[in-house]
Amino acid sequence: MHEYMTMKNIFQPSIAVVFAAILAALFFGVFSVVFVEMFGEKLSLLMALPVVMIIGLLFIFDRYLLFTLILLLRPALDPILEKTKIGGLGVGGVLNALVIIIALLAIIQKDFQLRSILIRTWVPFLLVLLIAVGFAPDFTHAVKSYLSLISNAAMFALALTLVKTQADYGRWMRIVLLSSIIPVFYGFVDYATGGVVYADAGKRVASTFSHPNILAFYLVLIITLSFYFIKSKITYIPPSVKRLLPLYIIMMIALLLFTKTRSAWVVCFVFFALYGLVYERKYLLFVIVSPLVALLIPEMQDRIIDLTQGNEVVTYGTLNSYAWRKYIWESSLSWMQPSHYFLGYGLESFMHYSIDFFPLAGNMETGAHNVYVQLIFDTGVVGLLSFVWLYGSVAFYLAQFYKANKLMIFLAIMLLCQYGLLAYSDNMLSYLAFNWYFWFVLGSTYSIAYHDKKRLQNEFSSA
């Protein structure tokens, strides 16, 4: 007879929970005194205090309700969380810390059967990063970045602990889908009111996110998940909602075009192309026609044509975004000394030293816009290999369940491939909100596939 986590034992007090509650109470008590003393005259910051106190109470009395609210609302919170920051810290940091604590409490539950998958996938990468924190040139920035990456692993771990049945999977995937409603609909408001204007791309839509690229990557994730809901024989999405999902996907694709994020366009195109080749050839017609329709839009034409000019570094010349990226990659790698090839210069050192090695930096630090180059610079070959191991091992473990649920596992592996492509041209490790949903969906997919297979094996052995 299997042991499944019920609502009763989820919230059953334990020594770990009581200890965490005491620590939280002490933290929020000290936080409130210091916060009011330092920032009591700043209204926007002062308003954060009651919010933090409410979050603390929710954590103490019902941490899974708190997590549900975070998962439901986090994509809409960037503009609010940004206003609570002081010295780089704010309510967002509190949420990150609590997600990590909730995950740690979940991991030590006695009935957690999937700890080994965390050890085999995430631990090598996190250990290398921890070493890289130790000799980072900007220790504070490195610690913040490391905690952010730990929170990604925490989302993966929480999915493993929370998803054990199809009902669990449906409940949490509905929450992920619902989390997109505010960003999607506000995205059209953002477009109508002017969006964000960039010198090299004109008007772009960021919606509730801090950058259009983050919105674009999040949309690709939700499009992929929504497509699975349409194509699979699931019962946890009502038929009326299923009928509306194609329209919702079309809305998200339109919004994706408005972000003007070319890499997201590419991965979305590749996703539908591969799905058409593997499963339904009729989608290949959509794949062929959609770029032609998009090119009829003048703004889309300009975004593509931009790649054909500004490809050479010349005096007083302006590089296009891709040529600029290649220039900073070449500059950073040629600046590296052979003695740092193995372990790099320390976590977040690329940003710190970009002023020194990049001729176009001026006095402004800049990111690598390439996860692979960033990891080589920050953590050396060891860090890059541990990153490849993380994604490769997750893909390997997911692939073991392909025969049991081909479509679900295909889409999960597609998400990993999409991330790998996007990592070539953007600072993917820095996009916390997107990474949270990405890893939660992957963790949920692995967990439900694992438990479904285990149930089938038990039924077969008892027959």
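In this predicted model, K282 and E280 form a salt bridge in which the closest N and O atoms are 3.5 Å apart. K282 is exposed, with a relative accessible area of 58%. E280 also meets the side chain of K231 in a salt bridge, here with an N to O distance of 3.0 Å. Because E280 sits in the loop between α14 (262-278) and α15 (283-294) while K231 belongs to helix α12 (residues 212-231), this pair ties together parts that are 49 residues apart in sequence. K231 itself is partly exposed, at 26% relative accessibility. Through the partners that these salt bridges share, K231, E280 and K282 are joined into one network.

Turning to helix α10, a further salt bridge links R171 with D168, and the closest N and O atoms are again listed at a short separation of 3.0 Å, within the 4 Å allowed for such a pair. Both residues lie in this helix (residues 166-178), three residues apart, which is about one turn of the helix. The two partners fall into separate accessibility classes: R171 is partly exposed at 39% relative accessibility, whereas D168 is buried at 14%, because the cut-off for buried is under 20% relative accessible area. Across the whole structure, the search finds five salt bridges, among them the pairs K282 with E280, E280 with K231 and R171 with D168.

E348 offers a useful counterpoint to these charged pairs. This residue lies in the loop between α17 (321-335) and α18 (349-357). E348 is buried yet has no salt bridge. The nearest side chain of opposite charge belongs to K144, at 9.9 Å, so the pair falls outside the 4 Å limit for a salt bridge. The surroundings of E348 can nonetheless be described residue by residue: leaving aside residues up to four places away in sequence, E348 touches H141, A142, S145, Q374 and D378.

Cysteines complete the survey. A disulfide is a covalent bond between the sulfur atoms of two cysteines. The search of the whole structure finds zero disulfides. Two of the cysteines may be described by their accessibility: C268 is buried, at 8% relative accessibility, while C417 is partly exposed, with a relative accessible area of 41%.

Technical notes. Residues are numbered from 1 along each chain as its sequence is written. This is a predicted model: local features need pLDDT of at least 70, side-chain atom pairs count only at pLDDT 80 or more; totals for chains, interfaces and linings use all residues. Side-chain values use heavy atoms; hydrogens and water are left out. A disulfide is a pair of cysteine sulfur atoms within 2.5 Å. Buried means under 20% relative accessible area, exposed over 50%, partly exposed in between (1.4 Å probe, protein chains only). Helices (H or I, at least four residues) and strands (E, at least two) are DSSP runs, numbered from the N terminus. Lys and Arg count as positive and Asp and Glu as negative; His and the chain ends are not counted. Contact means heavy atoms within 4.5 Å.
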